[in-house]
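Please open the structure in the viewer and keep the selection panel at hand. The tour proceeds by selections, from a helix pair to charged side chains.

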Amino acid sequence: MWAFILGGLFLGTVLGILYLAGRFAKFSWVRKTVGERKVFRFLTGLVLVIVIAGITGKAMGAINAEICILHLLVIWLICDGISKLVEKKRKKSFTRYYAGIAAILITIVYLTCGWYLAHHVWRTEYVLETEKQVGSLRIVQFADSHVGNTFSGEEFLELVKDMQAENPDIVVVTGDYVDDDTTREDMVAACAALGTLETAYGVYYAFGNHDKGYYGAEYRGYSGMDLIAELEKNNVIVLQDEVVLLGEDFYLIGRQDRSEDMMGRPRASMEELTADLDPARYSIVLDHQPHDFDAQEEAGVDLVLCGHTHGGQLFPFHRMGQWTGTDDKSYGLETRGSTSFIVTSGISDWAIQFKTGCKSEYVVVDVQGAAR
């Protein structure tokens, strides 16, 4: 699937560059500079587009350059279409290429907003009521930090301070804490930041699909075991298909990621994890990928916290995972039977530095039980 997506992205970028080269060639200043010969104007436009892509790629990486080119392409096509309709209605052509000017300005504004939505982290709150007599619990959840993409390990400390200000009873990390390109230095600094948190029940962590590294320890300089060691050194409890009791009223179930199944390392089922649990207690599941909702509802757990989707990342594909069945939900709160599911957009991104279909966030969940 990823090969198909990346291949399509590359092909779209190439076609976009060729189309945009022809569009840039329509500007009057290009005509004045190189003359009226179409081939010279096209080559000038091609150079301009390649320079724009090169500068963007140098500043933000190749995939973000592709994202910028594709957005410019789509917006330019829309502006050209609107311009043609207006010209047809007024029965007169524009003397200047206003569609091109509008496309460039709209793309700059749109992607600037997308950059801000990715790099600024908001607070999202949910209040969940239960008939179980369990008192109250304040959970702070975050996922998909992919440390090193939109903030460094040291910069992560400022986000941790915001989470601490929520006065949480527990902080949970639902996967993709680090990335394949997260340096060891950033990983260590980020783990140290987590070590500053003070909560009633502690800080808990469940693996995502990137945390253990797809390319081996040599690629980034540390393994999944090294990450566990660094987390545990900073008093973070790592759960791998394990259940812990918080006080007298709450279970916390940390699952291995779905990617373990896909790589031939089966993880425990929800039936196995909940077999011996007291149904009078409130159960919370940490599961990075939102892809097991039916089994989780059937198991009767009360709350499932997920990440992975990045909230869908880019409009209009922000619900693609849900539409294709890859994910049970792309973003937000859903209730099935007695089970609540929350999928967060995460506090950062993998590689892509824009969010146009959502915004970065950490989640505050207030569980309120019935009176004893």
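How are α6 and α7 oriented to each other: roughly parallel or roughly perpendicular? The model under inspection is a predicted one. Select helix α6, residues 156–164, together with helix α7, residues 184–194. The two helices pack at an angle of about 20°, and their axes lie 9 Å apart. Angles under 35 degrees count as roughly parallel, and α6 and α7 are therefore roughly parallel to each other. Their crossing is right-handed.

Next, display the side chains at this contact. On the α6 side, select Phe156, Leu157 and Val160; they meet Ala190, Ala193 and Leu194 of α7. Sorted by class, the contact of α6 with α7 comprises six nonpolar residues, with no polar and no charged ones.

**Salt bridges around Arg123**

Turn now to the charged side chains. The structure holds 20 salt bridges. Select Arg123 and Glu125, which form one of them, with the closest N and O atoms 3.0 Å apart. Glu125 is partly exposed, at a relative accessible area of 36%, and Arg123 is likewise partly exposed, at 39%.

Keep Arg123 selected and add Glu166. The side chains of these two residues meet in a salt bridge of 2.7 Å, N to O. This pair links distant parts of the chain: Arg123 belongs to strand β1 (residues 121–129), whereas Glu166 sits in the loop between α6 and β3 (170–174), 43 residues apart. Is Glu166 buried or exposed? With a relative accessibility of 10%, Glu166 counts as buried, because buried means under 20% relative accessible area.

Extend the selection to Arg138 and Asp366. Together with Arg123, Glu125 and Glu166, these residues are linked in a network of salt bridges.

**The Asp302–Lys132 pair**

Clear the selection and choose Asp302 and Lys132. Their side chains meet in a salt bridge, at 2.8 Å from N to O. Which parts of the chain does this pair link? Asp302 lies in the loop between α12 (293–299) and β9 (303–306), and Lys132 in the loop between β1 and β2 (136–142); the partners are 170 residues apart.

Finally, colour the pair by accessibility. Asp302 is buried, with a relative accessible area of 6%. Lys132, at 18% relative accessibility, also counts as buried.

Note on methods: Residues are numbered from 1 along each chain as its sequence is written. This is a predicted model: local features need pLDDT of at least 70, side-chain atom pairs count only at pLDDT 80 or more; totals for chains, interfaces and linings use all residues. Side-chain values use heavy atoms; hydrogens and water are left out. Axes are lines fitted to C-alpha atoms, for helices over the stretch in contact, and angles run from 0 to 180 degrees between N-to-C directions. Helices (H or I, at least four residues) and strands (E, at least two) are DSSP runs, numbered from the N terminus. Angles under 35 degrees count as roughly parallel, over 145 as roughly antiparallel, 65 to 115 as roughly perpendicular and the rest as oblique. A crossing is left-handed if the near helix is turned anticlockwise from the far one by less than a right angle, and right-handed if clockwise. Contact means heavy atoms within 4.5 Å. Ala, Val, Leu, Ile, Met, Phe, Trp, Tyr, Cys and Pro count as nonpolar, Asp, Glu, Lys and Arg as charged, and the others, Gly among them, as polar. A salt bridge is a side-chain nitrogen of Lys or Arg within 4 Å of a carboxyl oxygen of Asp or Glu. Buried means under 20% relative accessible area, exposed over 50%, partly exposed in between (1.4 Å probe, protein chains only).
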